[in-house]
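I opened the model and kept notes as I went. The entries follow the order in which I looked things up.

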Amino acid sequence: MRNLLQTVAKVLDHDVPVLILGESGAGKDYLAEAIHACSARRAGPFTRIDCATIPPDLFESELFGYEKGTFTDAQTRKLGKLEVALGGTVYFDTISALTPPVQAKLLRAVQDRTFTRLGGHQTIRFDARVISSAEPDLAASADFRRDLLYRINLVTVSIPPLRARPEDIPSLAARFAAKRKRLDKKAVELLVAHAWPGNIRELRNVVDRAVLTAEGDTIRAGDLALSAGDLVTIATQSQWTLQQLEESYIREVLRETRANYSRAAEILGINRKTLLEKRRRYGID
């Protein structure tokens, strides 16, 4: 991550296109916003274009805008995203989702740095920095135009998945829980041991949920919405005692059953009285 940020720092004040690669949830959106906020264009707008959600037949009007009367519903002139981004940054989120015809139209605008509104004749200067994001395999995609790729990837930064940088997890988790609750040692150990297929987005979701559901001001291992298999993994790696594992598992079962002691006792294979005794012993609220 330090190497990545050093690369980003070198291009902040150079008006060059940046391509951010990374798995879903790795933090591509956050990095794009950070580049804009720290760049020479920070006083201008940050315009995000979610390429995966705009229908292909509407993309051109969204991107370039249109003049009044261009089509039946065009009652007034509409400015496109490229025009709205004037002086700032335009961020193409998941640019790989664009269809080949739309890619061709975008290429012309990025290449010529000009465009016209649909139904119009005035040439409008495209004055915005281009940042794009995609999955790591974009270069291998047969559906993505090579010429467009060369235009958007003058600088490419790849965000490593969260599982490749477990040392970042404690500080990220603490930041997500900041000013609300703290995480105890076993909760942090459990988070570090998790594989995080959803990356930072999944981590934030787990911590946010724990903040809402954990009793008191401390998030414990049992408050985290992770699988029981993760408890076994962290217990083995951290050499927990059987008592520590039992406490964490009881907390997890009580959380999943929403403190339904009869149901929790059934899952744990003990009677309700024994469960209540263990709850008092471990200080489970």
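**Largest pocket**

I began with the pockets: the largest one holds about 500 Å³ of space. I kept in mind that this is a predicted model.

I listed the lining next. It counts 16 residues, and those closest to the pocket centre are Met 1, Tyr 30, Arg 165, Leu 172 and Ile 200.

Which elements give two or more residues to this lining? I found α1 (2–11), α2 (28–38), α7 and α9 (199–213). The largest share comes from α7, with four residues.

**Arg 175 on α7**

I stayed on helix α7, which spans residues 169–177 and includes Arg 175. Is Arg 175 buried or exposed? I read 66% relative accessibility for Arg 175; the cut-off for exposed is over 50%, so Arg 175 counts as exposed.

I then took a distance from Arg 175 to Arg 204. Their C-alpha atoms are 9.4 Å apart, with the two positions 29 residues apart along the chain.

**Nonpolar cores**

I turned to the interior. In soluble globular proteins, nonpolar side chains tend to be buried together. Here I looked up the largest nonpolar core and got 30 residues. Leu 82, Val 90 and Phe 92 have the most contacts inside this core.

I checked where the core residues come from. Two or more are given by each of β1 (18–21), α3 (56–64), β5 (89–93), α5 (100–112), β8 (129–134) and α6 (146–152). The top contributor is α5, which gives five residues.

What does Leu 82 touch, leaving aside its neighbours within four places in sequence? I noted Leu 63, Phe 64, Val 90, Phe 92, Ala 109, Phe 115 and Phe 126. Val 90 and Phe 92, from the list of most-connected core residues, are thus both contacts of Leu 82.

I also logged a second, separate core. This one has 24 residues, including Leu 162, Ala 187, Ala 214 and Ala 221.

**Ser 132 on β8**

I picked a polar residue in strand β8: Ser 132. Is Ser 132 buried or exposed? Its relative accessibility is 0%, and buried means under 20%, so Ser 132 counts as buried.

I listed its contacts, again without neighbours within four places in sequence. Ser 132 meets Val 18, Leu 19, Ile 20, Tyr 91, Phe 92, Ile 95 and Ile 152. Phe 92 appears here and also among the contacts of Leu 82.

**Positive phi values**

I scanned the backbone for positive phi outside glycine. Thr 94 has phi near 55 degrees. I placed Thr 94 in the loop between β5 and α5. With a relative accessible area of 29%, between the 20% and 50% cut-offs, Thr 94 is partly exposed.

Arg 113 also has a positive phi, of about 60 degrees, and is not a glycine. Arg 113 sits in the loop between α5 and β6 (114–115). I read 30% relative accessibility for Arg 113, so this residue counts as partly exposed.

**Charges and rings**

I kept Arg 113 selected. Which ring does Arg 113 lie over? I found the face of Phe 126, with the ring centre at 4.5 Å. Phe 126 is also one of the contacts of Leu 82.

I looked up another case of a charge over a ring. The charged end of Arg 281 sits over the ring of Tyr 282, 5.8 Å from its centre.

Last, I counted aromatic pairs. The structure holds three.

Terms used:
Residues numbered from 1 in each chain as written. Predicted model: local features only at pLDDT ≥ 70, side-chain atom pairs only at ≥ 80, totals over all residues. Heavy atoms only, no water. Buried < 20%, exposed > 50% of the residue type's maximum accessible area, 1.4 Å probe, protein only. Core = buried A, V, L, I, M, F, W, Y, C linked by side-chain atoms within 4.5 Å. Contact = heavy atoms within 4.5 Å. Phe/Tyr/Trp six-rings, centres within 6.5 Å; stacked < 30°, edge-to-face > 60°. Lys NZ or Arg CZ within 6 Å of the ring centre and 35° of its normal. 1 Å grid on protein atoms, 1.4 Å probe; cavity = no way out; pocket = protein on both sides within 12 Å on 5 of 7 lines; lining within 4 Å. Points joined across faces, edges and corners; volume = space filled by probe spheres on them.
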